[in-house]
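Welcome to a set of short exercises on reading a protein model. Have the structure open beside you and try each task before reading its solution.

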Amino acid sequence: MKPTQIILVSIVIFTLFSCSKNPIESIDLSGEWQFQTDPQNIGEEERWFEKDLPETIQLPGSMAENGKGNNITLATKWTGSILQPDWFHDPNYAPYEDSLNIKFPFWLQPEKKYTGAAWYNKKITISENWEDRSVFLNLERVHCESVVWVNGEKTKMQNSLGTPHVYDISSLLKSGENLISIRIDNRTKDIDVGENSHSISDHTQSNWNGIVGNISLQSKGKTTIENIEVFPDIDKKRATIKLHIFNNSIENLSVKVTAQAQPKNNEPGGIKKKTYNFGIVPGENILKMTYELGDDIRLWDEFHPNVYELTISLKNKKLLDKKKVDFGLREFKVNGTRFEINGHPLFLRGTLECAIFPKTGYPPTDVASWKKVFSAVKNHGLNHVRFHSWCPPEEAFEAADQMGVYLQVECSSWANQSTELGSGLPVDEYIWEESKHIVQAYGNHPSFVMMAYGNEPRGPEYGEFLTKFVNYWKEKDDRRVYTGASGWPALKVNDYHVLPQPRIQAWGEELNSIINSQPPSTNFDWADRLPGDSIPVVSHEIGQWCVYPNFKEIEKYTGVLKPKNFELFRESLNAHHMGALADSFLLASGKLQALCYKADIEAALRTPGFAGFQLLDLHDFPGQGTALVGVLDPFWEEKGYISPEEYRRFCNTTVPLARLKKRIFTEGETLNATIEVAHFGEKPFENINPSWKLNEKEKTIAEGTLGGQRIPLGNAIQLGKVMVQLQKENRPRKLTLEVTIGDFSNSWDIWVYPENTPEQNKNIKVVEKLDNATLQFIENGGKALLSLGREKVAPEMGGNVGVGFSSIFWNTAWTNNQKPHTLGILCNLEHPALEQFPTEYYSNWQWQDAMSHADAIQLDSFPVELKPIVRIIDNWVTNRRLALIFEAKVGEGSLLICGADLVNDLENRPGTRQLRTSLLKYINSDKFNPKVKLTEPQLKSILKRN
């Protein structure tokens, strides 16, 4: 189509509005619009709102979807913090000077990018039947700021990130041809919500320009229903309805209001219609009425997501307006240190949603897409989603209503770095207005149960600002609970806190966390990490455990965002001669990731009186340096190493729990486990008899029951004890303790080792350094085990790699290289060195001690034929060829090298003691016959110089 062609929308109205049963006419404006970017911001001065624009674009949609914008270069300006601005000088990323081959490493890369003003024009024809009516232009999901001109007349700017932009253009339209011009600007200007806010940031959804939801004109009578608010009272079985009516006439009117509620799913059970009489004046009117619901009301919660549709009709002599809203009958409130819904105890099992939509680069505006998201959430035993620094569209609330998911919504801001909340900057007023828009647009939805300003505030005055924010909303609207912010502070006025202290790994804790510094147990909880102010606490962004990239995922990126970061990481892996191990690294690190999440979630479930947790995240976060923290990919799909069924064993409405002081035992000791349960199901268990088994593979070693009992709703509910003496069989083995309560089971691995002692074989040298005598011994045909440990390996040979038991926390690029730097281990299960140390191909708890006393050994300078017995999986940026255990031929002799300390304090380290035993038995066998030769200089290069 030529740019000068006129774009027409013909409106044909067959009946007069006074005869219509429903006077509202909606005109779909989707389709082709004229288009032009305005990088110099000259469009208003040159009156582009009166002109034909040279290009066309399809709406709804973004510029990127339409192939509009600029190519990515090293000079591309991004919205979002980059902690390494000169990243292209980093040899780990390799420079990509050619703009056709830019591979940006820190988040998904759009094919086109544009930040600035863009103009969208459309000519429409309006019937004369629209005269003397109210006409509204509805723009759903605008990014970000919009200004509308109609026939050359300018309207006031709107900039809500979370709600539709609605313009009353009644006085600007005329019969016949009209020109609607919309300027959309996605720059951060005076109002700065924070460049990392997921409402605007390139880290996740991308900072797109466009309109991606409903675009329409709505025609109404002069007297309209602007908003309906429904306040249920389930105890009294009634609802207070508040109507916001605008009378655009100059007369007082007598009106009849009819209210009728029906179940959303069209099932029987409608609530009796009721009619009310009111007088209204010109201008704004607020009408309140009490709507009796009857005795057969259906409440809304996660188990019974009953949704009602309320229809309000406004009449005098004729139908003036009609409007429908969804609502649910529920009471979500605080009781003590946790939440209740409809009088039942509730534990929030949540995940974040950070506006991660790789195919479009923006959130969907259809219910089906959101049902896919919430289905994944519920399939993994969760019941809650926090929208981190953004608010989803209407369709997300509709899907959550229908599926029984509890939502925490935030006012589109993460006021960090340059944005200081409460300092009088324009963002302060913006947050107030955004919160009002959000509650007005979505406040009736029963799934909307929690609200915060946003994430992790900054600034000297933010506490005072957030105190006012919470007090205002607690007083104004009691349909949900409020907190100042996610992360901090613990304000006295908060209905609930979202705090980072109750989790297994904290920011900056590195190798000093519980999971990395203490022997494995399941006996800890967060009771001593709560503020003790009797306000419910939800743990903030727990987990953040990484997994190696799934390079097979690359083919899924068929939309506007491309995984150039994944391509870069894959090239790096291939360059380090490990491309064939990509799938193995994914699966092994994934198993460790799942183990870490299990430990994190169970600790939360064990904590008495705890209110819940919010994961970061159930699915991957593609930004902030690439944070592969999900057991699901960014498309909410499985990666192949843990199923939803497996995940639900430790994350569910009901989770059996065992408190074990340790998980590594010596034969002859007694296994003592205290069994408890976190039960937040639909109702208590009556006369149920929990059972337990101790298995070795398929064989049951011991079993029993805990006796018939009633299990109420709650957690830290004690069920009984398990005591089993572990027989002396003079063999190492892994056992599994499984506890079952009705349909719910959970299990924990333990290891039992013989009471061996670290005896020295006179034919084998066990050494901690390679002196000349040892080297001479090996070169002359001897056998040796080199035991290292932390700070024993030269920095350039792996000593600078932070090794811990856990997976990487968030990622190394965004955390200033916090430790650990690795993703667990990958074992060669066919290798006889591990025959006496039962293991899987991945990290399990029996490796915790060895990994906590180890340095990695970097093999990049050694022959590629040298294959470690146990690899350490490096992070995806550096992809170093790392080993924990490997062997080599040295002269006429043989050497086995272990990066873990196999010598010191072994009486208190039974797991590592057994690993040493296994390695020494291998060395003492005929099977110990390394093939790859290393020289004396190569060996000495491994060791740190004193």
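A residue counts as buried when its relative accessible area is under 20%, and as exposed when that area is over 50%. Keep these cut-offs at hand, and keep in mind that the model is predicted.

**Exercise 1. The whole chain**

Task: Describe the overall make-up of the chain, and decide how its radius of gyration compares with the globule rule.

Solution:
- Begin with the secondary structure: the chain has 12 helices and 50 strands.
- Next, compare the radius of gyration, 32 Å, with the 30 Å that the globule rule gives for 946 residues. The two values are close, so the chain is as compact as a globular protein of that length.
- For the outline, use the box around the C-alpha atoms, which is roughly 105 × 70 × 45 Å along the principal axes.
- Now look at burial: 61% of the 946 residues are buried.
- Turn to the contacts with a separation of 6 or more: residues 24 or more positions apart account for 74% of them.
- Finish with the surface. The chain exposes about 36100 Å², and carbon and sulfur atoms supply 46% of that area.

**Exercise 2. A sheet of four strands**

Task: Work out the strand order of the open sheet that contains β20, and find which strands stand at its edges.

Solution:
- Write down the order, which is β18-β17-β20-β21, with antiparallel pairing.
- Look at the two ends of that order. β18 (271-280) and β21 (319-327) each have a single partner strand, so one side of each is left without a neighbour in the sheet.
- Add the twist: from one strand to the next, it averages 20°.
- Zoom in on one pair. Eight bridges link β20 (residues 308-315) with β21 in the antiparallel sense.
- Pick out one of the bridges: S313 has K322 in β21 as its partner.
- A general reminder helps here: strands of a sheet pair through backbone hydrogen bonds, either parallel or antiparallel.

**Exercise 3. A sheet of three strands**

Task: Repeat the analysis for the open sheet that contains β23.

Solution:
- The order is β22-β23-β24, and the pairing is antiparallel.
- The edge strands, β22 (332-335) and β24 (344-346), each pair on one side only.
- The twist from one strand to the next averages 45°.
- Between β23 (residues 338-341) and β24 there are three bridges. In one of them, E340 is partnered by P345 of β24.

**Exercise 4. An enclosed strand**

Task: Decide whether β28 is enclosed or open, and list two strands that pair with it.

Solution:
- Count the buried residues in β28 (residues 448-454): seven of the seven are buried, so the strand is largely enclosed by the rest of the structure.
- One partner is β27 (residues 406-413), joined to β28 by five bridges in a parallel arrangement. Here E410 is opposite A452.
- Another partner is β29 (residues 481-483), which is parallel to β28 and shares three bridges with it. Here M451 is opposite Y482.

**Exercise 5. Cysteines without a bond**

Task: Find how many disulfides the structure has, then look at C411 and C546.

Solution:
- Recall that a disulfide is a covalent bond between the sulfur atoms of two cysteines.
- A search of the whole structure returns zero disulfides.
- For C411, the nearest cysteine sulfur belongs to C391 and is 7.9 Å away. To form a disulfide, the two sulfur atoms would have to be within 2.5 Å.
- C411 has 0% relative accessibility, so it counts as buried.
- For C546, the nearest cysteine sulfur is that of C596, 10 Å away. C546 also has 0% relative accessibility and counts as buried.

**Exercise 6. Unusual backbone spots**

Task: Locate two cis peptide bonds and two residues with positive phi, and classify the latter pair as buried or exposed.

Solution:
- One cis bond joins H143 and C144, with omega about 5°. C144 lies in the loop between β8 (142-143) and β9 (145-150).
- Another joins K819 and P820, with omega about 0°. P820 is in the loop between β45 (783-787) and β46 (822-827).
- A355 is not a glycine, yet its phi is positive, about 60°. A355 sits in the loop between β25 (348-353) and α1 (367-379), and its relative accessible area of 0% makes it buried.
- E791 has a positive phi near 65° and belongs to the loop between β45 and β46. Its relative accessible area is 62%, so E791 is exposed.

Definitions and conventions:
Residues are numbered from 1 along each chain as its sequence is written. This is a predicted model: local features need pLDDT of at least 70, side-chain atom pairs count only at pLDDT 80 or more; totals for chains, interfaces and linings use all residues. Side-chain values use heavy atoms; hydrogens and water are left out. Two strands pair if DSSP finds at least two bridges between them. Axes are lines fitted to C-alpha atoms, for helices over the stretch in contact, and angles run from 0 to 180 degrees between N-to-C directions. Buried means under 20% relative accessible area, exposed over 50%, partly exposed in between (1.4 Å probe, protein chains only). The radius of gyration is taken over C-alpha atoms; the globule rule is 2.2 Å times the number of residues to the power 0.38. Contact means heavy atoms within 4.5 Å. Accessible areas come from the Shrake-Rupley method with a 1.4 Å probe; for residues, only the protein chains shown count as cover.
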